[in-house]
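Colleague: I would like a close look at a single part of this model, set against the chain around it. Please spell out the cut-offs behind each term as you go.

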Amino acid sequence: MRRFIIIMLMLFSASFLFSDSITFSGGTSSVILRNGRENVVLSEGADVTVESMNIHADTITLSGDDWRYVSCSGSASVIDESRGISISTSSIWYDRENERILISSWYEINDTENEVAATGAALEYNLSDEKLQLDKDVTLLKNTEENGIMRCSAESVIFSRNDNTLQLRGSASVDWDGDRYEAEVISVDLDTDSISLDGRIRGTING
């Protein structure tokens, strides 16, 4: 069955609207190729590869025009070596056309390129502009060369990988080098290790 799916994918790849190629495999599979209902379900351990991105889960469903949507459930992970990023969670929804990953379950993310690790309960990742919105009890750790780990916490964090900046909103706090900063909004430049506070602020600085 796995060989059959890969062959059918090759037959359909010539009509793809997307510039990126896609390959997939699974332990057991079901295929619907009726016009307007194209659907592939891979289970018992499934893998999907889109360019440099590898997606693994217990079950993966491919659907939509030209296999636009990739829906994953059960021990799901995304590993993209070219971007230096990996995500572990229990469910993933990926829109290949809009280059957007949505997660609505507890996740762990590791960014080796920027030396950042984070956890939370909801995530939107726009691959086109390398911007992540992390929501619901977010904890983000950033390794700094001279002063150790910077710990950031908030209800919502916008992480721009291109600019290497953070914007923390909602019960925002930063603990770093023995100091603590609290504010309604905290902005962090990870390249310069500078911190800006907006709104009602509190802090503890050890001289």
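Modeller: What follows begins with the chain as a whole and then turns to strand 4 and its surroundings. The model is predicted, and local features need pLDDT of at least 70, while side-chain atom pairs count only at pLDDT 80 or more and totals for chains, interfaces and linings use all residues. Residues are numbered from 1 along each chain as its sequence is written, and side-chain values use heavy atoms, with hydrogens and water left out.

The secondary structure of the chain comes to 1 helix and 15 strands, where helices (H or I, at least four residues) and strands (E, at least two) are DSSP runs numbered from the N terminus. Of the 207 residues, 40% are buried, a term that stands for under 20% relative accessible area, with exposed meaning over 50% and partly exposed lying in between (1.4 Å probe, protein chains only).

Strand 4 covers residues 59-63, with Ile 60 and Leu 62 on its covered face, whereas Thr 59, Thr 61 and Ser 63 belong to the uncovered one. In a regular strand the side chains alternate between the two faces of the sheet.

Strand 4 pairs with strand 2 (residues 39-50) in the antiparallel sense over 4 bridges, pairing being counted if DSSP finds at least two bridges between two strands. Within this arrangement, Ser 63 of strand 4 is the bridge partner of Asn 39. Strand 4 is also joined to strand 5 (residues 69-80), again antiparallel, by 5 bridges, and here Thr 59 has Ser 73 of strand 5 as its bridge partner. Strands 4 and 5 form a hairpin with 5 residues between them, and in that turn Gly 64 has a positive phi of about 85°.

Strand 2 holds a residue of interest for its backbone, Glu 44, which has a positive phi of about 60° although it is not a glycine. Glu 44 is exposed, because its relative accessible area is 62%. A second such case is Asp 177, a residue other than glycine with a positive phi near 55°; it is found in the loop between strand 13 (165-176) and strand 14 (179-189), and is partly exposed at 46% relative accessible area.

Returning to the covered face of strand 4, Ile 60 lies 36 residues from Phe 24 in sequence, and the two C-alpha atoms are 9.3 Å apart in space. Phe 24 is found in strand 1 (residues 22-32), and it counts as buried because its relative accessibility is 4%.

Two cysteines also deserve mention, since Cys 72 is buried at 3% relative accessibility and Cys 152 is buried at 1%. The structure nevertheless holds 0 disulfides, a disulfide being a pair of cysteine sulfur atoms within 2.5 Å. Leaving aside neighbours within four places in sequence, Leu 168 is in contact with several residues, including Cys 152, Val 157, Val 174 and Ile 186, where contact means heavy atoms within 4.5 Å.
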